[in-house]
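This report describes selected features of one protein chain for a reader who has its sequence and structure at hand. Please consult both while reading.

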Amino acid sequence: KYGCGLGQCGACTVIVDGKAIFSCLTPVAVLEGKKIRTVESLGTVDKPGPMQQAFIENQAAQCGYCIAGMMMRAQALLEKNPKASDTEIRTALEPNLCRCGTHMRILKAVTRAGALMQQGQA
């Protein structure tokens, strides 16, 4: 997803080898041989993954501009630490901007996704 193109908004966040990065700042040449995951890797319409399910349950999306990047950054965090604290979640999501004001629902959704991941729902 194209966002600001300057690494300022986070809408373009993808996971590369387990780490959340801004794709708009990453030259394609440095990605050769690396595992790249986009929001489409999280699930499908028919079978949403834990992160998608949590965002749906908590109605965390409003305009949708930031959501793909938010989910990918949160996914990278929760894959390392599904029991992330509220402070850890806030810190991890800090580079991603949301102008709609759904921050509290996003935080709740990420916490819920961590719980779903711990329960083994994929």
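## Helix α1 and the loop after it

In helix α1, which covers residues 50-57, the buried residues are P50, M51, Q52, A54 and F55. The structure under discussion is a predicted model. Among the elements that cover the buried residues of α1 are α2 and α4.

Just after α1 comes Q59, with a positive phi of about 45 degrees. Such a positive value occurs here in a residue other than glycine. Q59 belongs to the loop between α1 and α2. Is Q59 buried or exposed? Its relative accessibility is 57%, and because the exposed class begins over 50%, Q59 counts as exposed.

## Helix α2

Helix α2 consists of 14 residues, and the distance from its first C-alpha to its last is 20 Å. This span is close to the 20 Å expected at 1.5 Å a residue. The helix is mostly covered, since 12 of its 14 residues are buried. The buried residues are I67, A68, G69, M70, M71, M72, R73, A74, Q75, A76, L77 and L78.

Which elements do the buried residues of α2 pack against? They pack against the strands β1, β2 and β3 (36-37), and against the helices α1, α3 and α4.

## Residue Q75 within α2

Q75 lies in helix α2, which spans residues 67-80. The relative accessibility of Q75 is 9%; buried means under 20%, so Q75 counts as buried. When residues up to four places away in sequence are set aside, Q75 touches I15, R37, L42, M51 and M117. One of these contacts, M51, is itself listed among the buried residues of helix α1.

## The hairpin of β1 and β2

Strand β1 (residues 13-16) and strand β2 (residues 19-22) run antiparallel and are joined by 4 bridges. Within this pairing, V16 has K19 in β2 as its bridge partner. The two strands form a hairpin, with 2 residues between them.

D17 is found in the loop between β1 and β2. Although D17 is not a glycine, its phi is positive, at about 50 degrees. D17 counts as partly exposed because its relative accessibility is 48%, a value that falls between the limits of under 20% for buried and over 50% for exposed.

## The largest pocket

How much space lies in the largest pocket? The space amounts to about 170 Å³. The lining is made up of M70, R90, L93, E94, N96, L97, C98, H103, M104, I106 and L107. Two or more of the lining residues come from each of the elements α3 (86-93) and α4 (103-118). Helix α4 gives the most to the lining, with 4 residues.

By chemical class, the lining comprises 7 nonpolar, 2 polar and 2 charged residues. M70, a member of the lining, also appears among the buried residues of α2.

## Residue T87 in helix α3

T87 is located in helix α3. With a relative accessible area of 56%, T87 is exposed, because this class applies over 50%. How far apart are T87 and C12 in sequence and in space? They are separated by 75 residues in sequence and by 23 Å in space, taken from C-alpha to C-alpha.

Definitions and conventions: Residues are numbered from 1 along each chain as its sequence is written. This is a predicted model: local features need pLDDT of at least 70, side-chain atom pairs count only at pLDDT 80 or more; totals for chains, interfaces and linings use all residues. Side-chain values use heavy atoms; hydrogens and water are left out. Buried means under 20% relative accessible area, exposed over 50%, partly exposed in between (1.4 Å probe, protein chains only). Contact means heavy atoms within 4.5 Å. Two strands pair if DSSP finds at least two bridges between them. On a 1 Å grid over the protein atoms alone, a cavity is a set of points where a 1.4 Å probe fits but cannot get out, and a pocket is an open set with protein on both sides within 12 Å along at least five of seven lines; lining residues have an atom within 4 Å of a point. Grid points are joined across faces, edges and corners, and a volume is the space filled by probe spheres set on the points. Ala, Val, Leu, Ile, Met, Phe, Trp, Tyr, Cys and Pro count as nonpolar, Asp, Glu, Lys and Arg as charged, and the others, Gly among them, as polar. The expected span of a helix is 1.5 Å times one less than its number of residues.
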